[in-house]
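Student: Got a minute? I'd like to go through the aromatic pairs and then a sheet in this one.
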Amino acid sequence: MRYLNVHQGQALRDLERAFKNFLTIPERGFPVFKKKGRKDSFYLEGSIKIFQGNYIQLPRIGIVKTYEILPSVPVKNVTISKKADNWYISFKYNFESYPTEKVGETIGVDIGINTLATCSDGSKFANVKAYRQAKKQLVRHQRAVSKKVIGSKNRRKAVKKLAKIHKKVADIRADVLHKLTTWLAKNHSTIVIEDLNVSGMLKNHKLASAIADCGFYEFKRQLIYKCEWYGSKLVIADRYYPSSQICSNCGHQQKMPLHLRTYECSECSFKTDRDLNAAINLKNYVYQ
Ligand SMILES: [Zn+2]
C-alpha cells in the first residue's frame, strides 16, 4: 500500500472559479496530472470517477481531461492546484500494481540526439515531425524575445507567445515519451537506461539542447512509475558506465567523439550504429 502526497488545502473559491474558467477555454490545453500537492490549491470531495484512462469526473466541476494517464482506482477526494500556468490534480489511493505479461526480457534503451530512443532489440523511436516543426518555431520566437527591449510591452507579449510554443513543444514531446515508456514497461521484464550526468553535460552546449529536447528527466520519471504499475524492473546504469565507448561485441573500450555515428571497433572490427551499440551495452549492464 502506498500513499501519494496530498495537499489538503482550503477551499479557495476564487481559484475554483479560475479553474472553471480555464476549462471553458479549450485552446489552453488541459490540466496536468501530478502526484504532488501545491500551495495554491482547493479541495474537492464527493462523487469522483476516473474513466478512459485520462478523464476524471469531479464534483461541482464536471469532466476534466488530464494530461497524464490516471490509475483506475477509487478516489474519495482530490486537490486541485495551480503552479505557473499549469493546473495539477492530486489524490491518494491504495497502490496496487497490475503486472502485464512480458514478451521481452531485458531491454537496453539509449536516449539520443538524432533519434529519441534506440533499443537493444533494434527498434527506434524517432522525434516526430510536428515536434521538429514546433522546435523551429521555438528558436524563431526565442530570437524575437531577445531583440525586444527589456521591460517593454512588446517583450512581454513576445515572452507570452514563447511560453505558449514552449508548452506545445513539451506536449508533443511528452506524448511521444508516453508511448515509448508505456511500450517499454508493459512488454519488458527489465529495462536498463543510462543515468545521465546532466549537470556535467550541460557545459557542452550542443548536448544541453539535446537533453532538453529529449526530456530525459521526464522519460525517467514516467518509466519509474510505469514500471511499478506494470510490474517491470527499472535498472539505471552507473553514471560512469561508458555505454557508448564499449564494443558490444568484444568488450574493448575506445573513445567515441560525438560526431562519430558508427561504432567501429579497433580490436575486433565490429561495426554498428553508435546508438544501437550503446543500447546493447546497457542491456548487457545487468549481466556484468
Ligand atoms: Zn570489438
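Tutor: Sure. For the ring pairs, we take the rings of Phe, Tyr and Trp (its six-membered ring) and call two of them a pair if their centres lie within 6.5 Å. Keep in mind that this is a predicted model.

Student: How many aromatic pairs does that rule give?

Tutor: The count is five aromatic pairs. One of them is F51 with Y55: the ring centres are 5.8 Å apart and the planes meet at 15 degrees, so this pair is stacked, the cut-off being under 30 degrees.

Student: Is F51 buried, exposed or partly exposed, and what about Y55?

Tutor: F51 is partly exposed, at 24% relative accessibility. Y55 is partly exposed too, at 26%.

Student: And how are the rings of W229 and Y230 arranged?

Tutor: Their planes are at 80 degrees with the centres 6.2 Å apart, so W229 and Y230 make an edge-to-face pair. W229 is buried at 3% relative accessible area, and Y230 is buried at 8%. Ring pairs also join Y225, W229 and Y230 into a cluster.

Student: OK, switching to the sheet. What's the strand order?

Tutor: It's 3-4-5, an open sheet of three strands with antiparallel pairing. Strand 3 (49-51) and strand 5 (62-65) are the edges, each pairing on one side only. From one strand to the next, the twist averages 25 degrees.

Student: How many bridges are there between strand 4 and strand 5?

Tutor: Four, with strand 4 covering residues 55-58 and the pairing antiparallel.

Student: Which residue is the bridge partner of L58?

Tutor: That's G62, in strand 5.

Notes. Residues numbered from 1 in each chain as written. Predicted model: local features only at pLDDT ≥ 70, side-chain atom pairs only at ≥ 80, totals over all residues. Heavy atoms only, no water. Phe/Tyr/Trp six-rings, centres within 6.5 Å; stacked < 30°, edge-to-face > 60°. Buried < 20%, exposed > 50% of the residue type's maximum accessible area, 1.4 Å probe, protein only. Pairing = 2+ DSSP bridges. Helix = DSSP H or I, 4+ residues; strand = E, 2+ residues; numbered from the N terminus. Axes fitted to C-alpha atoms, helices over the stretch in contact; angles between N-to-C directions.
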